[in-house]
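Me: Please take a close look at the charged side-chain pairs here, one pair at a time, and add a short note on burial elsewhere for contrast. Keep it casual, but give me the cut-offs.

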Amino acid sequence: MRQAIANAMFDFISKVGDAQTEAAVLSALEVTAHEFGLERFAISGIPLAHERIDPYFMLNRWPEAWFQRYTFENYVHIDPVIALTRTTDDAFVWSEAIDYKALSWRARRVMDEATEFGMIDGYSVPLHSATGLQAIVTFGAAKVDLSPDAKRALHLVSIYAHNRLRSIQKAKSGVAATPSVNITPSERECISWCAAGKTDWEIGLITNRSERTVHHLVTSAQRKLNVVNRGQLIAESFRTGILR
């Protein structure tokens with residue numbers, strides 16, 4: 001099972017690494033989402049309090065009627081999934097992280113209406129950059145049944161999909177590509193062990209470094225790649241070719 005999860009993750013990374021269009025990313029993510037038992041998904045930036053959600057959607061595989069209702073009502077500003085996304089870097093299953101009984105009636109309304117379209121539960125990946133970017137990759141399904149390994153893999157898939165979409169859209173708009181990043185061999189080594197799921201302490205034992213030194217190297221790499229956590233560091237390292 002763990003190997004199947006790993007294969008699905010790396011198959012996705014391989015396909016999307018060569019993707020030149022949003023449609024190609026959507027197609028690959030659709031296949032991968034289904035392999036994890038998730039039927040619906042969307043990738044979107046998160047608007048400011050006075051803005052609408054419509055122009056922030058980057059990719060959408062929600063039921064069309066739900067997408068139309070969500071955008072028309074601009075539910076983003078009362079959606080409890082978005083509210084939690086603004087405050088955490090950790091991916092989460094809705095039913096595990098959101099206390100339904102503690103929600104306002106408006107927030108419960110969003111969750112209740114989502115169930116009408118088969119999105120009874122979901123898995124969401126918050127994305128935050130050092131420059132203040134806020135975005136979300138969110139999956140919806142009648143039931144979410146993800147092992148810890150599957151959650152980690154889907155977290156990485158989500159970050160990679162978002163990063164690739166941003167690169168494609170920047171290229172289409174004529175925005176210059178991000179300059180190459182000067183990652184040192186020591187930083188690259190630590191990133192590779194992060195991708196293998198090792199902690200700072202474990203990496204220190206493997207590489208004969210102190211835990212503090214490893215933490216410094218990982219933090220330095222995150223700063224250079226303009227990311228704020230390890231999941232984003234790993235995904236961006238694959239996207240930019242630091243890891244292969």
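**Charged pairs, one by one**

Reply: Let's start with E22, which is partly exposed at 21% relative accessibility (buried is under 20% relative accessible area, exposed over 50%, partly exposed in between; 1.4 Å probe, protein chains only). This is a predicted model, so local features need pLDDT of at least 70 and side-chain atom pairs 80 or more, while totals for chains, interfaces and linings use all residues. Residues count from 1 along each chain as its sequence is written, and side-chain values use heavy atoms, without hydrogens or water.

E22 has a partner: its side chain meets that of K172 in a salt bridge, N to O at 3.3 Å (Lys or Arg side-chain nitrogen within 4 Å of an Asp or Glu carboxyl oxygen). The two come from distant parts of the chain, with K172 in helix α7 and E22 in helix α2 (residues 22-35), 150 residues apart (helices are DSSP H or I runs of at least four residues, strands E runs of at least two, numbered from the N terminus). K172 itself is exposed, with a relative accessible area of 60%.

Helix α7 (residues 148-173) also supplies D149. D149 forms a salt bridge with R2, and their closest N and O atoms sit 2.7 Å apart. That pair again links distant parts of the chain, since R2 belongs to helix α1 (residues 2-17), 147 residues from D149. R2 is exposed, at 61% relative accessible area.

Now for a pair with a buried member. E187 forms a salt bridge with K224, closest N to O 3.0 Å. E187 is in helix α8 (residues 185-195) and K224 in helix α10 (residues 211-224), so this pair ties together parts 37 residues apart in sequence. E187 is buried, with just 4% relative accessible area, whereas K224 counts as partly exposed at 32%. Elsewhere, R69, R109, E113 and E116 are joined into one network by salt bridges that share partners. In total the structure holds 12 salt bridges.

And the burial note: strand β4 (residues 121-128) has eight of its eight residues buried, so the strand is largely enclosed by the rest of the structure. Both faces are covered, with D121, Y123, V125 and L127 buried on one side and G122, S124, P126 and H128 buried on the other. Strand β4 runs antiparallel to strand β5 (residues 134-141), with eight bridges joining them, and S124 stands opposite T138 in β5. Two bridges also join β4 to strand β3 (residues 92-93), again antiparallel, where V93 has Y123 as its bridge partner.

Conventions:
Two strands pair if DSSP finds at least two bridges between them.
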